[in-house]
Each structure stands twice: as C-alpha cells, then as structure tokens.
Amino acid sequence: MTIETISSNRSFGGVQGVYRHASAETGTDMTFSVYLPPQAEAGARLPVVWYLSGLTCTHANVTEKGEYRRACAELGLIFVAPDTSPRGEGVPDDADAAYDFGLGAGFYVDATEAPFAAHYRMRSYIERELPALIAAHFPADMGAQAIMGHSMGGHGALTIALRNPAAYRSISAFAPIASPLRCPWGEKALTGYIGQDRGAWRNYDATALIADGARVADLLVDQGTADTFLETQLKPELLAEACSAAGIPLTLRMQPGYDHSYYFIATFMDDHLRWHADRLR
C-alpha cells in the first residue's frame, strides 16, 4: 500500500497534498488529494471528510476551486478528494467520448458489463480500498468519517452512505443526482455499467435504497434554483419524497439564483463542513 507524492503545498497552516498509487480494484494508477490541517502536526488523529466529484471532474476541481481549507484548518478536518473514474491506457471510454459516460463518469459503481467490469470499480475503491490507504498513511480517525459530494458525486455520497450507514457519521450533497433510475444521466450510465436489469440498479439510487429500508440519521442538501440540470437530471423533490416517507430528516435548501458550478459549491462549502464537524464531534 505505497503512495507517491505528486505535490505538497503549505496552506492555512496545514498541507495540501496530491498523491498517486496503484489500485488493485481498478487495475490502474489512481490520483487523489488530501488536505491535512495544522492539528495533524501535533500527532492527533483527526476526523475525515470525503468529497466525491461530479461528471468530467478529477480530484483537482474541488482541490483548486472548493475553498475548503480555511474551514478544515479551523475545525481540524482531513479532507480527501478522490478521482471520479479509472484512467489510463487500456481503460475503456464511451464510444463517442461523451462527457456523461466512461472516463470521468464512473458513477461510483462496480460495473458488471464488458468492457467496463475490469476497471470501473469505483464503489469498491471508495468504500474499501482508498479508506484503507488513508488509514495507513495519514493521521485519520476512521471512526469519525463524513461524506459529501457534488452532482454525480452527490449521488455517490448518498448511495455509499446509505449502503454503509455505520461507516459515516454525516452525509451531505451539493445538487446530487437524486434518482439515477429516473433521469437520462443515470439511465445511460447504469445501463452501460450494470446492464438492463433495473432491479440491480437499485443499489445505486438513493431514493430506491431508502424505499428498500436504508436509513441514516439526517441529510443536508443544497440545490441552486438556476441549475440548468435541476428539472431533467437532479430532481431533488424525489429525494425529499423518499426521506419524508421514511422519516429521515432532510434539510433541503433551494438556493435562489445559484447554478451547478463551483461558484455555488464554494459559497456553501463552509456551511457543509461546519454541519459535518458538529456531527463528527
């Protein structure tokens, strides 16, 4: 479980690093970023916040635009940002190189369909392999984990936490894909990765997991009202309906005038980190 340091920069008294390792799950090299707040220098084991990115993104999008380091330094949070899919020579992509399937669009699933099954194992990578790597190389308190994400990554954060409720003390999302079963992005991705059996898709749909009995303590979701994907792809009302029926407290904040960009995410990142910090304590 060795890692290679690609870069290391001082920031807000802590260290922002970017790292690479050979993944057994994906069969490729994988890159991720970790921010260690200044409290890590005192030898403390610190809570971990996972951030899962959206379509077309890598670890770099939130690392460069997310504006999380000041809050993490104050609150003593380790911030981990993985990539969104396997990459490299031999990794299959969409035949038309579309943005919503293939490279950059792993959807946090373990693919079962050829030719994607060999490498597209982002569920196992995020749920098992990368946490073990973080525990081995960083001063992380793996008993105090939170998870959050944006868009496709919001879908990933919700579904991973709903499948593993004991692993995460808190869950939040920015503009998540609430129900891949019921939107074009999800239908395309799940057909390509999982196949035609829609019953098998339910493990990768937050609303279906909740309907099937998955429970978490509460959820925080921010959604911009000017998001061009709101009505066709994201559909937060479906998540609200599922949570209401299940008795899961959901704080759904519709933010007037905000879109799908990192200007939106950066605006409310501090709120989310403080919300997680309260629960991680």
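# Exercises on a predicted fold

Tyr108 is buried, at a relative accessible area of 0%. Here buried means under 20% relative accessible area, exposed over 50%, and partly exposed in between (1.4 Å probe, protein chains only).

The model is predicted: local features need pLDDT of at least 70, side-chain atom pairs count only at pLDDT 80 or more, and totals for chains, interfaces and linings use all residues. Residues are numbered from 1 along each chain as its sequence is written, and side-chain values use heavy atoms, with hydrogens and water left out.

## Exercise 1: the whole chain

Describe the fold, extent and surface of the protein chain.

Step 1. Count the elements. The protein chain holds 10 helices and nine strands. These are DSSP runs, numbered from the N terminus (helices: H or I, at least four residues; strands: E, at least two).

Step 2. Test compactness. The protein chain has a radius of gyration of 17 Å, close to the 19 Å of the globule rule for 281 residues, so it is as compact as a globular protein of that length. The radius is taken over C-alpha atoms, and the rule is 2.2 Å times the number of residues to the power 0.38.

Step 3. Take the extents. The C-alpha trace of the protein chain spans about 50 × 40 × 35 Å along its principal axes.

Step 4. Check burial and contact range. Of the 281 residues, 60% count as buried. Take contacts between residues at least 6 apart in sequence: 73% of them join residues at least 24 apart. Contact means heavy atoms within 4.5 Å.

Step 5. Look at the surface. The protein chain exposes about 10,800 Å² (Shrake-Rupley method, 1.4 Å probe). Carbon and sulfur atoms supply 50% of that area.

Step 6. Place the charges. There are 22 positive and 32 negative side chains in the protein chain, and the centres of the two sets lie 5 Å apart. Lys and Arg count as positive, Asp and Glu as negative; His and the chain ends are not counted. Each charge sits at NZ of Lys, CZ of Arg, CG of Asp or CD of Glu.

## Exercise 2: the nonpolar core

Which residues of the largest nonpolar core touch the most other members?

Step 1. Build the set. A nonpolar core joins buried Ala, Val, Leu, Ile, Met, Phe, Trp, Tyr and Cys residues through side-chain atoms within 4.5 Å.

Step 2. Rank the members. The largest core has 90 residues, and Phe79, Tyr193, Met269 and Leu273 touch the most other members. Helix H10 (residues 262-280) gives the largest share of this core, eight residues.

Step 3. List the contacts of Leu273. Beyond four places away in sequence, Leu273 touches Val49, Tyr68, Ala71, Cys72, Leu75, Leu77, Phe79 and Met148.

## Exercise 3: backbone outliers in one loop

Examine the backbone of the loop between strand E5 (78-81) and helix H3 (122-137) at Phe107, Tyr108, Ala114 and Pro115.

Step 1. Read phi. Phe107 is not a glycine, yet its phi is positive, about 60°. Tyr108, also a residue other than glycine, has a positive phi near 55°.

Step 2. Check accessibility. Phe107 has a relative accessible area of 0% and is buried. Ala114 is exposed, with a relative accessible area of 70%.

Step 3. Read omega. Ala114 and Pro115 are joined by a cis peptide bond, with omega about 0°.

Step 4. Add a long distance. Ala114 and Arg279 are 165 residues apart along the chain, and their C-alpha atoms are separated by 41 Å.

## Exercise 4: three local environments

Is each of Glu113, Val216 and Asn61 buried, partly exposed or exposed?

Step 1. Take Glu113. Glu113 is in the loop between E5 and H3. Its relative accessibility is 33%, which counts as partly exposed. Beyond four places away in sequence, Glu113 touches Thr191, Gly192, Tyr193, Ile194 and Gly195. Glu113 and Gly102 are 11 residues apart in sequence and 12 Å apart in space, C-alpha to C-alpha.

Step 2. Take Val216. Val216 is in the loop between helix H7 (206-211) and strand E8 (219-224). At 14% relative accessibility, Val216 is buried. Its contacts beyond four places away in sequence are Ala161, Leu162, Pro165, Ile171 and Ile248. From Val216 to Ala136 is 80 residues in sequence and 27 Å in space, C-alpha to C-alpha.

Step 3. Take Asn61. Helix H1 (residues 59-65) contains Asn61. Its relative accessible area is 19%, so Asn61 is buried. Leaving aside neighbours within four places in sequence, Asn61 is in contact with Gly66 and Tyr262.
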